Amino acid sequence: MSSPTMAEKNRLTPKPQGVGGFDECWYPVALSSEVARGSVHGCEFLDGRVVVLRAGGGEVSVLSAYCRHLGADLADGDIRDDCIRCPFHHWVYDASGQCLGSEVGDRVPHGTSLFAFPTQERWGLIWAFNGREPTYNVPTWEEDESERCYSTIMVADYRGDPFLAMLNVIDVQHLRSLHGLDVSDIDLKTEDESFHVDMTIGGGDMGLPTMTRHAQILGTNSVVYSRTSIGIDMMSAATPYGDGRSRLYLVTAGLHSVIPAESIVQKVADRQRMSEDVIAQDIPVLERIRFRVDKVTSSDRGIVTFLQFVTNYPRSHPSAALIA
Ligand code: FES
Ligand SMILES: [Fe+2]
């Protein structure tokens with residue numbers, strides 16, 4: 001493959017998140033376990049901050065964090081009748097972000113509301129869509145959650161954009177070089193908007209059992225592994241926050257129909273630990289990479305297609321005025 005021209009390099013080098021908005025994706029903003037019933041939890045997201053409100057019945061909403069009055073952080077508020085009460089002058093917001101009024105003082109201006117993100121809770125994660133309407137379904141497996149034994153963690157926090165973690169899914173060569181894994185039967189289907197990778201993988205220092213598996217990338221930040229031959233699949237998704245950082249979440253999920261009940265918890269825990277070890281090898285590289293694509297080889301074809309996809313992916317930032 002000949003060296004790309006400057007115009008081609010620009011076409012292949014995604015702008016940092018925040019430049020022209022953020023990719024319109026489903027992002028995990030918190031672990032389900034971080035938000036108890038009848039409580040509010042604050043977290044950094046995109047270039048600002050959101051609160052996750054969990055009503056007494058368990059439903060969650062993700063809202064801009066700052067009170068519309070003078071900007072107090074609503075994560076410091078308290079929950080009354082499934083509404084958040086601002087700690088400062090006690091303005092009250094319902095789960096849709098609508099301000100219901102003030103418990104003291106003047107009448108609140110009509111139509112005062114927080115930004116409410118489209119929200120879903122799946123597989124131990126609370127997901128928010130960066131946009132007014134989701135453009136695809138939240139990442140999931142086809143089974144019901146009761147059909148799997150799963151464990152969900154925040155596995156890493158790195159300087160860099162979410163797509164870098166997804167690039168590793170396509171970058172089959174690094175599985176051999178960085179992780180020392182045996183990889184074969186690779187079938188990479190990278191089309192304009194759809195990225196699927198089948199392979200046989202195993203070995204390495206951590207003794208990964210040999211397995212076949214299918215990976216599908218969703219948006220620019222999530223991957224769902226499915227049909228894994230050992231009966232344990234994974235999902236991971238990265239969330240941009242702060243000044244160019246990403247939090248990476250991992251779900252490890254074993255199928256009750258494949259793994260005996262007496263060993264499934266241990267098997268999921270062991271598999272999760274191996275993923276943590278693999279990701280710990282990736283993070284120092286992701287942290288310090290100065291991403292460039294001016295010398296690529298024929299094996300990098302999938303990477304180039306993915307980079308084109310990421311570079312052209314729609315961005316917006318409808319919550320900009322309210323979360324920062
Ligand atoms: S800052 Fe929230 S009510 Fe005044
Ligand atoms: Fe990796």
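Tutor: Two residues are in contact if their C-beta atoms, placed from the backbone, lie within 7 Å. The model discussed here is predicted.

Student: With that cut-off, how many residues of domain 2 are in contact with domain 1?

Tutor: The domain assignment gives domain 1 as 35–129 and domain 2 as 145–311. Their C-alpha centres lie 33 Å apart. On the domain 1 side, six residues take part in the contact, and on the domain 2 side the number is 11.

Student: How do the residues on the side of domain 1 that touches domain 2 divide by type?

Tutor: Six residues of domain 1 are in contact with domain 2. By type they divide into one charged, one polar and four nonpolar.

Student: In the open sheet of three strands, which are the edge strands?

Tutor: Strands of a sheet pair through backbone hydrogen bonds, either parallel or antiparallel. Here the order is β2-β12-β11, with antiparallel pairing. A strand that pairs on one side only is an edge strand, which gives β2 (26–31) and β11 (119–122).

Student: Which residue of β12 stands opposite Leu-31?

Tutor: β2 pairs with β12 (residues 125–129) in the antiparallel sense, over five bridges. Opposite Leu-31 in β12 stands Leu-125.

Student: Which residue in the turn between β15 and β16 has a positive phi, and of about how many degrees?

Tutor: β15 and β16 (residues 208–218) are antiparallel and share eight bridges. Gly-203 stands opposite Leu-208 in β16. The two strands form a hairpin with four residues between them, and the turn residue with positive phi is Gly-204, at about 80 degrees.

Notes:
Residues are numbered from 1 along each chain as its sequence is written. Chains are lettered from A and ligands numbered from 1 in the order in which they are written. This is a predicted model: local features need pLDDT of at least 70, side-chain atom pairs count only at pLDDT 80 or more; totals for chains, interfaces and linings use all residues. Domain bounds come from an automatic or database domain assignment. Ala, Val, Leu, Ile, Met, Phe, Trp, Tyr, Cys and Pro count as nonpolar, Asp, Glu, Lys and Arg as charged, and the others, Gly among them, as polar. Two strands pair if DSSP finds at least two bridges between them.
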